[in-house]
Amino acid sequence: MVEGSDSQSCCVPDRGEESAVFAATPKQVAANSSELAGDSGCLAAENGNNAASFDLVRLDGGNFRMGTDDRRFPADGEGPVREVSVDGFGVSARLVTNEDFDAFVSATGHVTDAERFGWSFVFKDFVSAEVEREVSQVVQGSEWWWRVDGSYWREPEGLGSGVEDRGDHPVTHVSWTDAMAYCDWVGGRLPTEAEWEFAARGGLDQARFAWGDELEPEGEHMCNIWQGEFPSVNTLGDGWHGTSPVGSFSANGYGIYDVAGNVWEWCSDWFSASFHRNARRVTRENPKGPRNGSAKVIRGGSYLCHDSYCNRYRVGARTANTPDSSTGNLGFRVVVG
Ligand SMILES: [Ca+2]
């Protein structure tokens with residue numbers, strides 16, 4: 001989450017200082033639940049001997065108006081709207097999936113941060129009764145996030161869970177460091193925040209969403225977010241409670257899927273709410289963010305986003321998480337070039 005922002009910014013908890021992050025047990029929280037808030041083509045990317053390949057959308061780059069002057073989350077630094085240029089690059093049309101990540105782990109033996117720490121953050125609705133009995137800590141202020149021992153990308157909801165029936169869903173519980181390792185393996189990299197937003201806007205100028213200004217044009221669900229009352233009731237209007245198979249919703253104008261909702265996406269930049277306020281070459285021409293920081297930018301929102309709480313599925317929205325953090329609603333895509 002973004003340091004200094006209000007409690008409603010905690011869309012994705014960070015590992016932080018454990019004593020400060022965690023509060024009560026799930027049962028204690030349940031007892032107090034009333035207090036909860038209410039030109040493209042498909043190319044194959046090749047890297048030496050590995051067989052990884054993914055659909056790339058080739059973008060020529062250019063100028064666009066980045067950010068938004070929406071003022072709901074001032075600590076996020078969404079504005080000011082500014083003219084930014086990016087060079088051409090290729091971006092994966094789809095998020096990296098569990099199948100993709102499985103191939104990477106099988107080839108490299110990569111051990112994720114969630115495995116090293118021995119736990120990750122899981123949204124309460126997905127924890128089995130058996131696993132819940134072992135849960136002793138939840139995130140203070142965002143009590144729907146539970147620390148679940150043993151949860152990682154292959155067992156996203158802890159012991160006994162699996163991704164066998166979710167091979168085409170986005171991989172989750174991957175830290176920024178894990179995402180970087182995957183990108184390196186496929187011969188790509190994470191997008192800069194500017195590249196991410198250029199791609200996500202799909203050629204539209206300052207639209208509220210990646211497809212236009214209406215959330216549900218003609219009643220169509222355009223992304224996997226939360227319908228109902230967060231965090232207690234999900235009416236599943238879009239058909240999905242947690243992650244959805246990548247590419248389940250319409251692509252944007254550039255043929256890129258899931259840039260809103262489903263899972264948050266890691267970017268390469270360190271997060272700053274103010275670095276880009278000054279018009280300088282480093283903030284306007286192929287910007288890469290500040291040199292240093294404590295958290296990395298994430299974009300796009302997730303299946304947990306709802307307008308009542310966190311409408312960061314807007315294409316200009318942003319937040320951040322620490323590089324070693326992992327959650328059940330945070331993944332990534334790859335760029336090249
Ligand atoms: Ca949904």
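**Entry 1: helix α3**

I began with helix α3, and I found that its buried residues pack against α6, which spans 176–186. I note at the outset that the model is a predicted one. Helix α3 covers residues 98–108, and I listed N98, D100, F101, F104 and V105 as its buried residues. I then asked why these residues lie on the same side of α3. They cover an arc of only 155 degrees around the axis, so they fall on the same side of the helix. I recalled the rule behind such a pattern: an α-helix has 3.6 residues a turn, so residues three or four places apart point the same way. Following the chain out of α3, I came to G109, whose phi is positive, near 70 degrees.

**Entry 2: helix α6**

I turned next to the partner helix. The buried residues of α6 are W176, D178, A179, Y182, C183 and V186. Their arc around the axis is only 160 degrees, which puts them on the same side of α6. I looked up what covers these residues, and the list includes α3, α4 (113–117), β10 and β11. Just after α6, G187 has a positive phi of about 80 degrees.

I also followed A179 by itself. Leaving out residues up to four places away in sequence, I found that A179 touches V174, L190, W266 and F332.

**Entry 3: the nonpolar core**

I asked which residues have the most contacts inside the largest nonpolar core. They are V91, A179, A199, I256 and I298, in a core of 79 residues. For the protein chain as a whole, I recorded that buried residues make up 48% of its 337 residues. Its secondary structure comes to 8 helices and 14 strands.

**Entry 4: the sheet with β4**

V91 led me to strand β4, which covers residues 89–92 and is joined to β14 by 2 bridges, the two strands running antiparallel. I noted that V91 stands opposite V335 in β14, and that G90 stands opposite V336 in β14. On the β1 side, β1 and β4 pair in the antiparallel sense over 4 bridges. There, L56 has S92 of β4 as its bridge partner.

Taken together, these strands form an open sheet of 3 strands in the order β1-β4-β14, with antiparallel pairing. The edges are β1 (56–59) and β14 (335–336); each has a single partner strand, so one side of each is left without a neighbour in the sheet.

I then examined the two faces of β4. F89 and V91 on one side and G90 and S92 on the other are all buried, and both faces of β4 are therefore recorded as covered. In a regular strand the side chains alternate between the two faces of the sheet.

**Entry 5: strand β7 and its partners**

I looked up strand β7, residues 142–149. Of its 8 residues, 7 are buried, so β7 is largely enclosed by the rest of the structure. Strand β5 (residues 119–123) runs antiparallel to β7 and is joined to it by 5 bridges. One pairing I checked was S120, whose bridge partner in β7 is V148.

Strand β6 (residues 138–139) also pairs with β7 in the antiparallel sense, over 2 bridges. In that pairing, V139 has S142 of β7 as its bridge partner. I noted that β6 and β7 form a hairpin with 2 residues between them. In the turn, G141 has a positive phi of about 90 degrees.

**Entry 6: the four-stranded sheet**

Finally I returned to β10 and β11, which had appeared among the elements covering the buried residues of α6. They belong to an open sheet of 4 strands in the order β12-β11-β10-β13, and its pairing is mixed. Which strands stand at the edges? They are β12 (319–321) and β13 (330–331), each of which pairs on one side only.

Within this sheet, 3 bridges join β10 (residues 264–270) to β11 (residues 296–299), and these two strands run antiparallel. I recorded R299 in β11 as the bridge partner of E265. Helix α7 (residues 193–201) packs on the sheet and touches β10 and β11. The direction of α7 makes about 140 degrees with that of β10.

Key: Residues are numbered from 1 along each chain as its sequence is written. Two strands pair if DSSP finds at least two bridges between them. A residue is buried if 20 or more other C-beta atoms lie within 10 Å of its own, exposed if 12 or fewer, and partly exposed in between; C-beta atoms are placed from the backbone. The arc is that of the directions from the helix axis to the C-beta atoms. Two residues are in contact if their C-beta atoms, placed from the backbone, lie within 7 Å. Axes are lines fitted to C-alpha atoms, for helices over the stretch in contact, and angles run from 0 to 180 degrees between N-to-C directions. A nonpolar core is a set of buried Ala, Val, Leu, Ile, Met, Phe, Trp, Tyr and Cys residues joined through C-beta atoms within 7 Å.
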